[in-house]
Amino acid sequence: MSEIRTDPLTGFTTIFAPERARRPMKISGNASQYVATQEQISSDPFAEGKEAETTPELFAIRSPETKANQPGWNVRVVANKYPALTPVSDSDQYGVHEVIVECPQFETHASSLDQTQFQYMFQAYRQRVAAHRDDPRLNYALIFKNQGILGGASLGHVHSQFLASHLVPQALQQEVQAARAHQSEHACSLFHTITRDSTDGFSGRVISTKYFDIICPFASRFSYETWVIPRSLKTHFDHSSDQELNDLACITRRLLCSLEALLGRHDLNYVIQMPPYDTREQDGYAWSLRVYPRLAHLAGFEIASNAFINPVYPEQAVEELKQQLHL
């Protein structure tokens, strides 16, 4: 039985069609794409020792005795060589586009990184968001990861990107407005409502940690789409404490490994969705980390309608992920 749902936060509409999972697939991806070739490794511009092949280092977490743009780093941030936006001071198109290289060695999947490396990653994310907060030309920032071909990655070496602009996307404006309206009407955050157990049309929690709730949203656009939401409902990601970031690093790594256990090696995107820099705590908006497994290409219906077809109900994903995360 199909069902149409609209997300109360994003406004996106999804058709849940479990019968679609049974359709014959005569076109399939090549599993060898997840096996690194010697050519990929030798030509990797993000590898330690090839610092001269990138733009100059903007930030790094590295051994204290080492120098910028030299080996000895754990996470390294550089300006994107092929930016979507450029920091031209006298242009209305002003923006910042950076790459966060997440480890010195060649790895294709973030799930292969250890806990310490995840902690370094999230520390770098926080630092880059904070570093641009006081720039009056920037209103909005986003951290995102493209992993694999379906995820839109152009290089195999695990990395994320930071993009900041004066433009606040319409989709984010919708979210902030929905959160503000819910806060005004109900005197509580919409994010509090969507982290409840499965009642009143919300899919409920997968698991909670000291600082975070993990949910599969009610109108998930992608199979096994999962969000990590701070239990404090903190508005701005870069205001997260070290303790919160360590917990986030731990649960994100566990989540990616659990998804891999369920789905096998796969492409994905994740984003740290943040409101505009000037959003107030009393607006009721909370930042979140959202994981989108990319198990199939977007097709004509999605492109034409901006609605999605998902063969996996989030309630099913919640139960399967609960089992994995409680192992």
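Let me open with one pair of residues: Ile-215 has Trp-227 in strand 10 as its bridge partner. The model behind this talk is predicted, so to speak of local features we need pLDDT of at least 70, side-chain atom pairs count only at pLDDT 80 or more, and totals for chains, interfaces and linings use all residues. Residues are numbered from 1 along each chain as its sequence is written, and side-chain values use heavy atoms, with hydrogens and water left out.

That opening pair belongs to strand 9 (residues 212-215) and strand 10 (residues 226-230), which pair in the antiparallel sense over 4 bridges. Strands here are DSSP runs of E with at least two residues, helices are runs of H or I with at least four, and both are numbered from the N terminus. Two strands pair if DSSP finds at least two bridges between them.

I turn to the sheet as a whole. Strands 9 and 10 sit in an open sheet of 10 strands, with the order 3-4-5-7-6-11-12-10-9-8 and antiparallel pairing. Strand 3 (57-62) and strand 8 (205-208) stand at the edges with a single partner strand each, so one side of each has no neighbour in the sheet. On average, neighbouring strands of this sheet are turned by 15° against each other, direction ignored; the axes are lines fitted to C-alpha atoms, for helices over the stretch in contact, and angles run from 0 to 180 degrees between N-to-C directions.

Next, strand 11. How many of its residues are buried? The count is 7 of 7, where buried means under 20% relative accessible area, exposed over 50%, and partly exposed in between, with a 1.4 Å probe and protein chains only. Asp-267, Asn-269, Val-271 and Gln-273 point one way from strand 11, while Leu-268, Tyr-270 and Ile-272 point the other way. Strand 11 pairs with strand 6 in the antiparallel sense over 5 bridges, and Phe-144 stands opposite Val-271. With strand 12, strand 11 pairs in the antiparallel sense over 7 bridges; there, Leu-268 has Pro-293 as its bridge partner.

Val-271 and Gln-273 also bring us to the second largest pocket: together with Leu-142, Arg-221 and Tyr-292, they lie nearest its centre, among 27 lining residues. Two or more lining residues come from each of strand 6 (140-147), helix 3 (170-186), strand 11 (267-273) and strand 12 (288-294). Strand 6 gives the most, with 4 residues. A pocket is found on a 1 Å grid over the protein atoms alone, as an open set of points where a 1.4 Å probe fits, with protein on both sides within 12 Å along at least five of seven lines; lining residues have an atom within 4 Å of a point. The space in this pocket is about 590 Å³, a volume being the space filled by probe spheres set on the points, which are joined across faces, edges and corners.

From strand 6 we follow the chain into the loop leading to strand 7 (159-165), where Leu-155 is found. Leu-155 counts as partly exposed because its relative accessibility is 36%. Leaving aside residues up to four places away in sequence, Leu-155 touches Pro-45 and Phe-46, contact meaning heavy atoms within 4.5 Å. Leu-155 and Pro-45 are 110 residues apart along the chain, and their C-alpha atoms are separated by 9.0 Å.

Finally, 3 strands form an open sheet in the order 1-2-13, with mixed pairing.
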